[in-house]
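Biologist: I've never looked at this one before, and I'd like to learn how to read it. Could you walk me through it?

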Amino acid sequence: MIKITNNWYQLLKDEFAKDYFVSLQSFLKQEYNTHTIFPKEENIFNALNYLPFDDIKVVIIGQDPYHEEGQAQGLSFSVPDNFPLPPSLVNIFKEIESDLSIKCNSSGNLIRWAKQGVLLLNTVLTVREGQANSHKDKGWEKLTSKIIELIGKKKNPVVFMLWGSFAQSFQSLIENQHLILKAPHPSPLSAYRGFFGCKHFSKCNEFLIKNGKEPIDWH
């Protein structure tokens, strides 16, 4: 089930050999055989497969995949072309438009961001249909914590956008050379408590430019 580019495999192969990941694989094999699981197996590691480790400029941490048919792509907050925008992504686009005075693309397919250096990483990479958080505490968090830790140790500065208390719980893995931007989650339940107006997208691009990197085209 490890359909992952060699670049990331070399970084994570020690994790893949550990007991927790072997157990996770057994669990997933059973789940995919007996339930409808999202995303498709070949898309589980898309967040990594679209973006080599050395090319990461920005990390946006999500929780677990969308759990309705066809939505999950293996990228946090992203949905395929022609899907209705989920509520959190609607609010992300609203903040981008307000912050940067641009009009966002109508598609919620965020591969366009991934290809520019934005790692859209859920901390749990699979889910049962219709059951949010159903694969929580099965081992994924150990792997994704390791990924965040590896990026957090990079000497080359990266922007981390930590939205909500769950994402912010990973802050201790991130060293001081990076820019950490914190705000409430963009969910309709919390966006009005400080996500709107956080200006993370302009702050991100200012930091990237200051560090000699191309800014992200967030449209």
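Modeller: Let's go from the overall fold to helix packing, then to the empty spaces and a few single residues. Keep in mind that this is a predicted model.

Biologist: Where do I start? How many helices and strands does the chain have?

Modeller: A good habit is to list the elements before looking at any detail. Here you'll find 8 helices and 6 strands. Starting at the N terminus, the order is α-α-β-α-β-α-α-β-β-α-β-α-β-α.

Biologist: And how do I judge the overall shape? What radius of gyration does the chain have?

Modeller: The trick is to compare the value with what a compact globule of that length would give. For 219 residues that would be near 17 Å, and the chain has 17 Å, so the two agree. You can also picture a box: along the principal axes, the C-alpha atoms fill roughly 45 × 40 × 25 Å.

Biologist: Now helix packing. At what angle do helix 2 and helix 6 pack?

Modeller: For a pair of helices, read the angle and the distance between axes together. Helix 2 (residues 19-34) packs on helix 6 (residues 140-152) at about 125 degrees, and the axes are 9 Å apart. Angles from 65 to 115 degrees count as roughly perpendicular and those over 145 as roughly antiparallel, so helix 2 is oblique to helix 6.

Biologist: Which residues make the contact?

Modeller: From helix 2 you have Tyr20, Phe21, Leu24 and Leu28, and they meet Trp140, Lys142 and Leu143 of helix 6. Sorted by class, that contact has 6 nonpolar residues, 1 charged and no polar ones.

Biologist: Let me try another pair. How far apart are the axes of helix 4 and helix 8?

Modeller: They're 8 Å apart, with an angle of about 60 degrees between helix 4 (residues 87-100) and helix 8 (residues 200-210). That makes helix 4 oblique to helix 8 as well. On the helix 4 side, look for Ile92, Glu95, Ile96, Asp99 and Leu100; on the helix 8 side, look for His200, Phe201 and Ser202. The classes here are 4 nonpolar, 2 polar and 2 charged.

Biologist: What about empty space? How much lies in the largest pocket?

Modeller: With a pocket, ask for the volume, then ask who lines it. The largest pocket holds about 570 Å³. Its lining counts 26 residues, and those closest to the centre are Gln63, Asp64, Phe77, Ser88 and His185. Strand 2 (58-62), helix 4 and helix 7 (164-168) each give two or more residues to this lining. Helix 7 has the largest share, with 4 residues.

Biologist: How do the lining residues of the largest pocket divide by class?

Modeller: There are 12 nonpolar, 13 polar and 1 charged.

Biologist: And how many cavities of 30 Å³ or more does the structure hold?

Modeller: A cavity differs from a pocket in that a probe fits inside but cannot get out. The structure holds 1 of 30 Å³ or more, and the largest cavity has about 30 Å³ of space. Its lining is Ala47, Pro65, Gly74, Leu75, Leu120, Leu121, Asn122 and Leu125. Strand 3 (residues 118-122) gives the largest share, 3 residues. By class, the lining has 6 nonpolar, 2 polar and no charged residues.

Biologist: What should I look for in the backbone itself?

Modeller: Look for exceptions. Most residues other than glycine have a negative phi, and most peptide bonds are trans. In this model, the bond from Phe38 to Pro39 is cis, with omega near -5 degrees. Pro39 sits in the loop between strand 1 (37-38) and helix 3 (46-49). Then there's Phe77, with a positive phi near 70 degrees, in the loop between strand 2 and helix 4.

Biologist: Phe77 came up with the pocket too. Which residues does Tyr66 contact, beyond its neighbours within four places in sequence?

Modeller: Phe77 is one of them, and the others are Phe38, Gln71, Ala72, Ser78, Val79, Pro86 and Val127. Tyr66 is also in the loop between strand 2 and helix 4.

Biologist: One last try: where does Arg112 lie?

Modeller: Arg112 is in helix 5 (residues 111-114). Setting aside neighbours within four places in sequence, Arg112 contacts Phe93, Asn105, Ser107 and His219.

Definitions and conventions. Residues numbered from 1 in each chain as written. Predicted model: local features only at pLDDT ≥ 70, side-chain atom pairs only at ≥ 80, totals over all residues. Heavy atoms only, no water. Axes fitted to C-alpha atoms, helices over the stretch in contact; angles between N-to-C directions. Parallel < 35°, antiparallel > 145°, perpendicular 65-115°, else oblique. Contact = heavy atoms within 4.5 Å. Nonpolar A, V, L, I, M, F, W, Y, C, P; charged D, E, K, R; others polar. 1 Å grid on protein atoms, 1.4 Å probe; cavity = no way out; pocket = protein on both sides within 12 Å on 5 of 7 lines; lining within 4 Å. Points joined across faces, edges and corners; volume = space filled by probe spheres on them. Rg over C-alpha atoms; globule rule 2.2 N^0.38 Å.
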